Amino acid sequence: MQESGEDAEVGAPGELWVRGSGDQPRLGFFDGYYKDGQASAAAWAEGWFHTGDIVRRGPDGCFFFVDRLKNIIRRSGENIAAVEVESVLMQSSMIRACAVTAVPDEVRGEEVFAFVVLKEAGSESSQAIRLQRHCLERLVYFKAPGYIAFVPDLPQTPSQEEGPGEGQELA
């Protein structure tokens with residue numbers, strides 16, 4: 001769904017909303033958050049459960065996972081999937097790991113911020129320029145990071161596994 005509540009166009013990203021058919025749309029679904037009626041009401045707004053997953057629908061009707069809504073960066077009215085920017089950054093031979101997030105921006109609403117773990121130390125300013133150029137060659141200009149911070153490591157899950165990426169089909 002788009003923010004307006006209308007179905008997203010085929011191929012366009014939108015939040016996945018689900019419900020059961022009949023007079024009990026919550027039957028068999030998530031009923032609510034423990035002791036948090038306000039969050040439950042927000043999750044079930046307009047009679048649909050708002051999953052927080054951004055998906056796109058293919059021409060054959062199949063849905064493809066794009067990212068979590070909280071991982072979408074809204075820059076100057078454009079939706080940017082953090083996982084897409086991370087994927088492009090990871091194509092660089094300079095990078096061992098990266099994480100992309102939104103940061104507030106007075107002009108654009110949000111800006112793309114990349115935290116990068118380099119494979120080898122070097123001049124950070126020249127490496128930042130190379131990474132920016134790398135992104136601009138592979139992404140639409142507004143998706144390239146506005147900020148890059150070089151960090152020694154990134155927090156990992158206990159299993160240190162990556163989550164699903166864009167384009168993975170939902171069952």
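User: Starting with the ground rule: buried means under 20% relative accessible area, exposed over 50%, and partly exposed in between. By that rule, is Cys 135 buried or exposed?
Analyst: This is a predicted model, and in it Cys 135 has a relative accessible area of 0%, so it counts as buried.

User: And Cys 62, what does that count as?
Analyst: Cys 62 comes out at 26% relative accessibility, so it's partly exposed.

User: How many disulfides does the structure hold?
Analyst: Zero. Cys 135, for instance, is in no disulfide: the nearest cysteine sulfur belongs to Cys 98 and sits 8.6 Å away.

User: Okay, new topic. Which residues of helix α2 are buried?
Analyst: Helix α2 covers residues 82-90, and its buried ones are Ala 82, Val 83, Val 85, Val 88 and Leu 89.

User: What do those pack against?
Analyst: Quite a list. On the strand side there's β3 (63-68), β4 (72-75), β5 (78-81), β6 (95-105) and β7 (109-118), and there's also helix α3 (124-138).

User: How many residues are in the largest nonpolar core?
Analyst: It has 20 residues. Val 85, Leu 89, Ile 95, Val 100, Val 116 and Leu 131 have the most contacts inside that core. As for where its members come from, α2, β6, β7 and α3 each supply at least two.

User: Take Val 116. What is it in contact with?
Analyst: Leaving out neighbours within four places in sequence, Val 116 is in contact with Ile 95, Ala 97, Cys 98, Leu 131, Ile 148, Ala 149, Phe 150 and Val 151. Apart from the core of 20 lies another core, of five residues, including Ile 54, Ile 72, Ala 81 and Val 83.

User: What about Ser 92, where does that lie?
Analyst: Ser 92 is in the loop between α2 and β6. Its relative accessible area is 7%, which is under 20%, so Ser 92 is buried.

User: Which residues does Ser 92 touch?
Analyst: Leu 131 and His 134, if you don't count residues up to four places away in sequence. Leu 131 is also one of the residues with the most contacts inside the largest core.

User: Now the outside. Which residues form a nonpolar patch on the surface?
Analyst: Leu 136, Val 140 and Tyr 141 do, and together they have about 330 Å² of accessible area.

User: Where's Val 140?
Analyst: Val 140 is in the loop between α3 and β8 (147-150).

User: Why does Val 140 count as partly exposed?
Analyst: Because its relative accessibility is 42%, and partly exposed runs between 20% and 50%.

Key. Residues numbered from 1 in each chain as written. Predicted model: local features only at pLDDT ≥ 70, side-chain atom pairs only at ≥ 80, totals over all residues. Heavy atoms only, no water. Buried < 20%, exposed > 50% of the residue type's maximum accessible area, 1.4 Å probe, protein only. Helix = DSSP H or I, 4+ residues; strand = E, 2+ residues; numbered from the N terminus. Contact = heavy atoms within 4.5 Å. Patch = residues over 30% accessible without salt bridge, like charges linked within 9 Å, V, L, I, M, F, W, Y side chains within 5 Å. Areas by Shrake-Rupley, 256 points an atom, 1.4 Å probe, with all protein chains shown as cover. Salt bridge = Lys/Arg side-chain N within 4 Å of Asp/Glu carboxyl O. Core = buried A, V, L, I, M, F, W, Y, C linked by side-chain atoms within 4.5 Å. Disulfide = S-S within 2.5 Å.
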